Structures are given as structure tokens and as C-alpha cells.
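Let's take a quick tour of this one, starting with the ligand and working outwards. Have the structure open as you read.

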Amino acid sequence: MRDDGSRIHDVIGIGFGPSNLALATALDELGSEPGGRAIDAAFFEKQPALGWHRGMLLPGSKMQVSFLKDLATFRNPASPYSFVAYLHSEGRLAAFVNRKDFFPSRQEFHDYLEWVEARFTKYVTYNAEVVSVSPEHGEDGEVDRLRLEVRQDGTDASDGTRTVHARNIVVSTGLAAWMPDGIERGDTVWHSSEFITRFREFDTTGVRSVAVVGAGQSAAEILRFVYDNLPDAEVYAILSPLGFSVADNTPLANQVFDPSAVDDFFYSSERSKEAVWRYHRNTNYSVVDDELIHDLHERMYQDELNRRTRLTFLNLSRARSAEAAGGRTRVAVESLRSGAVDHLDVDLLVCATGYEPMDPTRMLGDLAGLCRRDGEGRLRVDRDYRVVTSPEIRCGIYLQGGTEHTHGLSSSLLSNIAVRSGEIANSIAQSCARPPAGLGGGAMPGPNGLSGVKAV
Ligand SMILES: Cc1cc2nc3c(=O)[nH]c(=O)nc-3n(C[C@H](O)[C@H](O)[C@H](O)COP(=O)(O)OP(=O)(O)OC[C@H]3O[C@@H](n4cnc5c(N)ncnc54)[C@H](O)[C@@H]3O)c2cc1C
């Protein structure tokens, strides 16, 4: 059945990265359980195809989670959508095991995501950006459906948008690239999220110097890549700390990413939540893999031996601004020791300065006013990742991401993606089993829904 705007989907997923892809697998598997009825799901993704941080798919870059923390295994170890099922289907299971390495390359993980996506393509509309969500009231005055405006090429409407409706939405729009104040993106000033895509199109002839701003994993990976791929260039690392801090992935610290850690965090006091963040930040934020730090140091050491310094650390420093000067980029670098500002002329500046957390309220418009907040103005979110709303809202607004304050460190990571999306799928299935009064309540499976997917 074509969706002309009158159809009310059981659930619409906003964004189709790993989180909502995992949700699709969970809904699908739920449907193969006996009993229940089909869930009508649709997903909208603004990219032209599935793309997981494509700009950082550097050759040789590795995953920071075990291959077993895939889209499904922790939810259902027998899932047909697991990384192991993918390896088996591609004929690489034995070869993968022979590598004796828990951490696949990011390129291979991307290939796995595409393999899973191929089974759900018909439920996804690409090149489709959800620009707003608003409440619609039923006859009884309660909000029983949500109206989504989707900006999409090829729609009949003059403004290029179409309208779709859902009883539940799952916002999984990911992190937004963050540039330092005073620095704007341009032809030779990039954010790390676009790095490899732009580098491949960039004429590197005559590039004499490159600066990379940042102290996290992406900064370190880009430094190593640039050092290795531009052998004639001087490479500068501009970072606020003295050096890179190591990512703690030791077994006891890693428990903070276990599915059970979500309960520990969710039901703990504000004070202990803060303590968890303080103690365990270094498992993921602004930290670098041990091996990579050693790789960079080894390059510097060999340079010293060869009496040619090519990789320079401008530590305890901050990039304050960047402007075009004589065909190059002039970066103002402030020393945090003395406050003095020096200028560095480079041919390429890459800001590996991280991301802003997901903020769903921007697209929620008026609906955001009906969402409950805590004392610090943050969204209140239930254990099943459903935003707490005022009682007249009978629709579910679920979040995958943006719940660090309620569900802890793994909120925007892959670690708990299988279990989290399973919990959301269950919650949606349960709400679909309770038809809203006065609406007949039936989901409408069709060509753009997860037809055949059943809710218990
Ligand atoms: C370089 C890099 C490497 C990483 N590696 C790891 C790792 O090894 N392990 C780990 O646990 N975490 C890692 N992370 C963290 C990362 O957040 C997760 O890997 C993962 O991307 C989260 O998936 P997601 O679907 O929630 O978000 P995303 O992958 O960001 O996907 C969100 C999607 O929503 C789309 N979208 C956004 N707004 C809209 C809209 N309005 N309408 C329609 N579509 C929209 C986007 O185009 C995007 O495709 C990494 C992050 C980066 C940047």
C-alpha cells in the first residue's frame, strides 16, 4: 500500500545508522515468534545509502568493540543478523577465526552493516530527511499520532516535503560534528567526519604541512594516516593535554558497557551517576588506543634517529582561529602554558574535535514542550528509552542516543545496541498490542512496512 500520508505507521525510525538497523532486526525477529500481529515500520535516512562514519573509514582502522557486540548477538546469540552469520555467509568464518583478533576493521564492520541492510532496504527511504515532528490530536483531544515532515527529492509538493504519520517514533539521528569556535570548514579546513572522503578527492601535490587538532582516537588515526601517506609533509598535532591518554579497555572497566550496567546506572542516584562518568570516561571519551599511541611514538623516534623531525606535537595548545593567507591556512595556536599566540601556516587543517550529543528537541518543535524534563532541563526518559511526556500524549517517542544522563556511557555507542534496540522493539510491540481507543488500532502492514513482522 502506498503511503500518501493517510497511513499511520506503528513506528517510524528517524535515521538509519546502526541503531535503527539493529531495531529493524529486532522487530523482524520479534515477528517470527508465534502469535501477535504485524508491526508496520518505516525508516527515513537523509544519506543516499547506508553509511556508517564513511569519512573515517581509514585503511587499517579498527573497531573499538568486539565483533560479538554486533547488531544482534547480545539480544539473540542465534540471530540470523549476527556478525558470525555474516562471516559464514561470506565464506570468511574460518579465516576470521584464524586471525585471533576480536576487533574487525571498520571497513569490514561497514560491509557487515551493508549485508544486514540489504535485507531491510525496502523499509527504508533514503535521501529523506525528517525535518519536524508534531502532535496530532484525535477526536478525544489526546495526541494519538505524530506527524512527520520529510524533506525528500522527487515529492510532488512544491516545497519538496511529504508528510507521514506514526504512533511511535524512534529518533536515532546520531552525533553532530563539532568545530572549534573561530574555525569554519572550507576547502582546506575539514572536520574529521569527512576526512577520508575529502582526502581522496584532494590534490596532495605540493602539500608541505598538515595540522590535526584534537586529542582523541580520530585525531591520532588521522595523524598516522597523514604521516604515512604524505611522506614529504610536516605534520603537526595541536592538542590541549600533554599527550594522548590511553583508552582503558581492561576487562573490569569494560563492564561499564555491559547490558546490566544500564540498570545499574539508570536506577542509581545522581551522585553515583556522576561518579560513574568521572571514573569511566576514559573508556571512550578523548582517549586513544594503546597500540596507536605506540605507533605514533615509534614514528617520532625513527625520525629522531634519522635526524629529520616530521611529526611535531604542539601540546598544551589550542587552535583559536584559522584564516586563508597566501594560498595556505594560517592557524592561530594559543599556548595554554603562557597564553602566547603563534601562527602556523599549513596546507591542510583537520579538526578532529569531536561531536555534539544527539539533541532530538530541535526536530520535535512544539512536541518538545510536552516532554518532561529533569531539574537540569534534560529530557526525562523511561527505562525502555521512551521519553516521559505529558499524559495527553499516547504516542511513544523513543531515543537511541542522547540518553547518557539516564542510561549511561553506552547510550550512543555500539556496545549495547543489540539489547537496547530489542528493549525498544518490545516496548513498541507491547504498545501496539494495546489499540488506542477510538482508532480501531490495527497496524497496516504493507510494502513499506515490516510486513510479516508480528508483535507479541
Ligand atoms: C569514527 C567513529 C568511529 C566509531 N567507532 C565506534 C566503535 O568502534 N565502537 C562503538 O561502540 N562506537 C563507535 N563510534 C560511536 C558511534 O556513535 C556508533 O558507532 C554508531 O554510529 C551509533 O549509531 P547510530 O545509528 O546511533 O548513529 P549514526 O551512525 O550517527 O547514524 C545516524 C543516522 O541518522 C541519519 N540522520 C540524522 N538526522 C537525520 C534526519 N533528520 N532525518 C533522517 N536521517 C537522519 C544520519 O545520516 C545517520 O545515517 C564511533 C564513532 C565515530 C565517529
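Which of the 28 residues around the ligand come nearest? They are Ser19, Glu45, Gln64, Ser412 and Leu414. Keep in mind that this is a predicted model.

## Around the ligand

Now for the polar contacts. Histidine 53 puts a polar side-chain atom 2.9 Å from an oxygen atom of the ligand. Backbone atoms join in too: a polar one of valine 130 sits 2.9 Å from a ligand nitrogen, and a polar one of serine 172 is 3.5 Å from a ligand oxygen. On its own the ligand has 990 Å² of accessible area, and the protein covers 91% of that.

As for who builds the shell, H1 and strand E5 (128-137) each chip in at least two residues. E5 gives the largest share, three residues.

## Helix H1

H1 covers residues 18-31, 14 residues in total. From first C-alpha to last, H1 reaches 20 Å, close to the 20 Å you'd expect at 1.5 Å a residue. Since 13 of its 14 residues are buried, H1 is largely enclosed by the rest of the structure.

## The five-stranded sheet

There's also an open sheet with parallel pairing, its five strands in the order E9-E16-E10-E11-E12. Strands E9 (189-191) and E12 (311-314) are the edges, each pairing on one side only. On average, neighbouring strands here are turned by 20 degrees against each other, ignoring direction.

Zoom in on one edge: E9 runs parallel to E16 (residues 348-351), and three bridges join the two. Tryptophan 190, for one, has valine 350 in E16 as its bridge partner.

Key
Residues numbered from 1 in each chain as written. Predicted model: local features only at pLDDT ≥ 70, side-chain atom pairs only at ≥ 80, totals over all residues. Heavy atoms only, no water. Pairing = 2+ DSSP bridges. Helix = DSSP H or I, 4+ residues; strand = E, 2+ residues; numbered from the N terminus. Axes fitted to C-alpha atoms, helices over the stretch in contact; angles between N-to-C directions. Expected span 1.5 Å × (residues − 1). Buried < 20%, exposed > 50% of the residue type's maximum accessible area, 1.4 Å probe, protein only. Near = heavy atom within 4 Å. Polar contact = N/O pair within 3.5 Å; in protein donor to acceptor, adjacent residues only side chain to side chain. Areas by Shrake-Rupley, 256 points an atom, 1.4 Å probe, with all protein chains shown as cover.
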